Amino acid sequence: MRPITLTKTAAATLATALVGGLASRPAASPWYAALRKPSFQPPRQAFPVVWPLLYTDIAVTSAATLEELHAENRSDEARAFGTALAANLVMNAGWSWIFFSQKRLGAAAVAAAALTVSSADLTRRVGKAAPGRGAALAPYPLWCAFATLLSTRIWMLNRGRQLNGLR
């Protein structure tokens, strides 16, 4: 794998993490604390462990996939993969802004579902190039599916509920 490709995918995932992280700061806010959460809500400490692992996985598997597609003269597939990756990372960071900054729980649940579909498609594309690599990326759409379930349940538990004027 060429270092330049890994550098690009690592920079893209790092930017996603930073942009999403900026929006996630309200996770320590009174608004978030006042939300009803389901019993399967992971502890706060899980998120700063899981996401860096997933971002690393995305960067490495994406770089290897792009390299392989280019080496096999499958430039159209490489370009399509790059576009799918960019769209996925935008959706990934966007969820945090919708949920934490805009406090739009229903829209966040829909955004999480779209991210899950996008992540599954990205994993499918990686797996098409190299099945083992696709298996390595499989935790990403699984985590996004869990996030969709979690977001949807938080929305359902808090629909129509006034959170003491907290915005």
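Start by selecting Ala113, which counts as partly exposed because its relative accessibility is 31% (buried means under 20% relative accessible area, exposed over 50%, and partly exposed in between, with a 1.4 Å probe and protein chains only). Ala113 sits in helix 5 (helices here are DSSP runs of H or I with at least four residues, strands are runs of E with at least two, and both are numbered from the N terminus). Now add Leu149 to the selection: 36 residues separate Ala113 and Leu149 along the chain, and their C-alpha atoms are separated by 8.6 Å.

Before you go on, a word about what you are looking at. This is a predicted model, in which local features need pLDDT of at least 70 and side-chain atom pairs count only at pLDDT 80 or more, while totals for chains, interfaces and linings use all residues. Residues are numbered from 1 along each chain as its sequence is written, and side-chain values use heavy atoms, with hydrogens and water left out.

**Zoom out to the whole protein**

Switch to a cartoon view and you'll find 7 helices and 0 strands. Following the chain from start to end, the pattern reads α-α-α-α-α-α-α. Turn the model around: the C-alpha trace spans about 60 × 25 × 25 Å along its principal axes. A compact globule of 167 residues would have a radius of gyration near 15 Å, and the protein's 17 Å agrees with that (the radius is taken over C-alpha atoms, and the globule rule is 2.2 Å times the number of residues to the power 0.38). Of the 167 residues, 43% are buried.

Next, colour by pLDDT, the predictor's confidence in each residue, from 0 to 100. The protein averages 93, and 95% of the residues score at least 70. Which elements have the lowest and the highest mean pLDDT? Helix 2 (residues 30-34) has the lowest, at 90, and helix 7 (residues 139-158) has the highest, at 98.

**Select helices 4 and 5**

Pick residues 75-101 for helix 4 and residues 105-129 for helix 5; their axes come within 9 Å and cross at roughly 155° (axes are lines fitted to C-alpha atoms, for helices over the stretch in contact, and angles run from 0 to 180 degrees between N-to-C directions). Helix 4 and helix 5 are therefore roughly antiparallel to each other (angles under 35 degrees count as roughly parallel, over 145 as roughly antiparallel, 65 to 115 as roughly perpendicular, and the rest as oblique). The contact of helix 4 with helix 5 has 17 nonpolar, 4 polar and 4 charged residues (Ala, Val, Leu, Ile, Met, Phe, Trp, Tyr, Cys and Pro count as nonpolar, Asp, Glu, Lys and Arg as charged, and the others, Gly among them, as polar). Helix 4 passes helix 5 in a left-handed crossing (left-handed if the near helix is turned anticlockwise from the far one by less than a right angle, right-handed if clockwise).

Stay on helix 4 for two stops. Glu77 is in helix 4 and counts as partly exposed, at 32% relative accessibility. Draw a line from Glu77 to Ile4: they are 73 residues apart in sequence and 19 Å apart in space, C-alpha to C-alpha. Arg79 also lies in helix 4, and it counts as exposed, at 53% relative accessibility. From Arg79, go to Leu69, 10 residues away along the chain, and you'll find their C-alpha atoms separated by 9.2 Å.

**Visit two loops**

Select Lys103, in the loop between helix 4 and helix 5. Is Lys103 buried or exposed? Lys103 is buried, with a relative accessible area of 15%. Its phi is near 55°, a positive value in a residue other than glycine.

Then select Asn73, in the loop between helix 3 (47-71) and helix 4. Asn73 has a phi near 55°, a positive value in a residue other than glycine. Asn73 counts as exposed, with 69% relative accessibility.

**Finish with helices 3, 7 and 1**

Show helix 3 together with helix 7: they pack at an angle of about 140°, with their axes 10 Å apart. Helix 3 and helix 7 are therefore oblique to each other, and helix 3 passes helix 7 in a left-handed crossing.

For the last stop, select Thr13 in helix 1 (residues 3-24). Thr13 is buried, with a relative accessible area of 5%. Add Leu54, 41 residues from Thr13 along the chain: the two C-alpha atoms are separated by 9.5 Å.
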